[in-house]
Amino acid sequence: MMDRTEMIDRAMGALIGGALGDALGMPTQLLSPARIAEFYGHVEDFVAPVADHPVSKGLLAGTITDDTEQALLLGRILIVSGDRFDHTRWVNTLLDWEREVKARGSYDLLGPSTKRAIDAINDGVPPEEAGSGGDTNGAAMRIAPVGIMMPLEPLDALVAKVAETCRATHNTSIAIASAAAVAAAVSSGVAGGDWRAASDRAVAAARRGAALGHWVTGGDIAARIDWARGLVRGKPIADGIRLITDLVGTGVASQESVPAAFAVFEIAGGDPWQAAIISANLGGDTDTIGAIAAGMAGGCTGFSRLPQQHIARLVGIDLAQVRSLAADLVAARISKAGSGKDAAA
Ligand SMILES: [Mg+2]
């Protein structure tokens, strides 16, 4: 039986685990595995990006990026929205965020799907219809708060909430399936499940999510997650990493980076810091893969079992604010679950 304190610990584990994966991958994102090795050796701790890094240049070692920042923003919008997600407020929040990021002098701005949606809104498309083409991994990277707030059962309600939050930017079968997988994994952790249960629930949720939103072409997310985790299961870490980079893929496309995150989750055996390290060295969308994999892992271990010495060195995150958000999301979850049904999962 999960009590509220333990649920908040797991909620914090998901959010801060995600931040660890994000910050560890910040200096390696967009680079090839060979470049990463050349610039940094094997990344096992926070490092500052190389001076000419295309998007991370100038950031301090341990700095979080868009993945964590947008997850925390989405969490706040969920709390203020109540039962009906406020699409207009969400889009305005993303726009304000990008303005603030530019003012900070950062180059790590909105991703391709979110950008396209905002351009559509500026052209007069209503916010709740702007995400009809968004199929990259931006919804999956920031979805953890939905998994914290929504009980695992009924799974359809969780997946429907995921789809609702995707409508403005990522209203496609592929993006919704991807985000549903990650949200279900986090929800399973907050309900008390271990990492294997989380991974199984993710596949089931992705299958349901694929029926929602605008259909777009691409490999099936549920099938690809199941394939990717089976591909690396029981393999030595080095072999698993090669299979991810060669076959699964680490690009911004949902059908690559999201199954890759589940394969990392599998090789790491649900260990959040291990998941962050594996992701940071993969090449490609390292920070997002790390944020997803380590976030799901943290949701299954809880904050108190995360490496505190690394958390202390995170830059750009206020732990007290995250704790208050985690508590608010868990309170919303408990009020939805009503009885102790969810707690017994
Ligand atoms: Mg990022």
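Here is a short chat about how a few labels in this structure are earned.

Visitor: What should I keep in mind about the model and its numbering?
Guide: This is a predicted model, where local features need pLDDT of at least 70, side-chain atom pairs count only at pLDDT 80 or more, and totals for chains, interfaces and linings use all residues. Residues are numbered from 1 along each chain as its sequence is written, and side-chain values use heavy atoms, with hydrogens and water left out.

Visitor: What makes Thr 65, Asp 66, Asp 67 and Asp 287 donors of the magnesium ion?
Guide: Donors are N, O and S atoms within 2.8 Å of the metal (3.2 Å for Na, K and Ca); water is not among the atoms, so sites may look incomplete. Here Thr 65 (OG1) and the OD atoms of Asp 66, Asp 67 and Asp 287 sit at 1.9 to 2.4 Å, so they qualify under that cut-off. Along the chain, the spacing reads T-D-D-x219-D.

Visitor: Why is Asp 66 called buried?
Guide: Buried means under 20% relative accessible area, exposed over 50%, and partly exposed in between (1.4 Å probe, protein chains only). Asp 66 has 10%, so it counts as buried. Asp 67, at 1%, is buried too.

Visitor: How do you know that Arg 313 and Asp 45 form a salt bridge?
Guide: The term asks for a side-chain nitrogen of Lys or Arg within 4 Å of a carboxyl oxygen of Asp or Glu. The closest N and O atoms of Arg 313 and Asp 45 are 2.9 Å apart, so the pair passes. The two partners lie 268 residues apart, Arg 313 in the loop between α16 and α17 and Asp 45 in the loop between α2 and α3. Arg 313, at 38%, is partly exposed, and so is Asp 45, at 30%.

Visitor: What makes Lys 336 and Asp 83 a salt bridge?
Guide: Their N to O distance is 3.7 Å, so that one is in as well. Lys 336 is in helix α17, and Asp 83 is in the loop between α3 and α4, 253 residues apart. At 64%, Asp 83 counts as exposed, whereas Lys 336, at 34%, is partly exposed.

Visitor: How do you know that the length of helix α8 agrees with its residue count?
Guide: Helices (H or I, at least four residues) and strands (E, at least two) are DSSP runs, numbered from the N terminus. The expected span is 1.5 Å times one less than the number of residues. For the twelve residues of α8 that gives 16 Å, and the end C-alpha atoms are 17 Å apart, which agrees. Nine of those twelve residues are buried.
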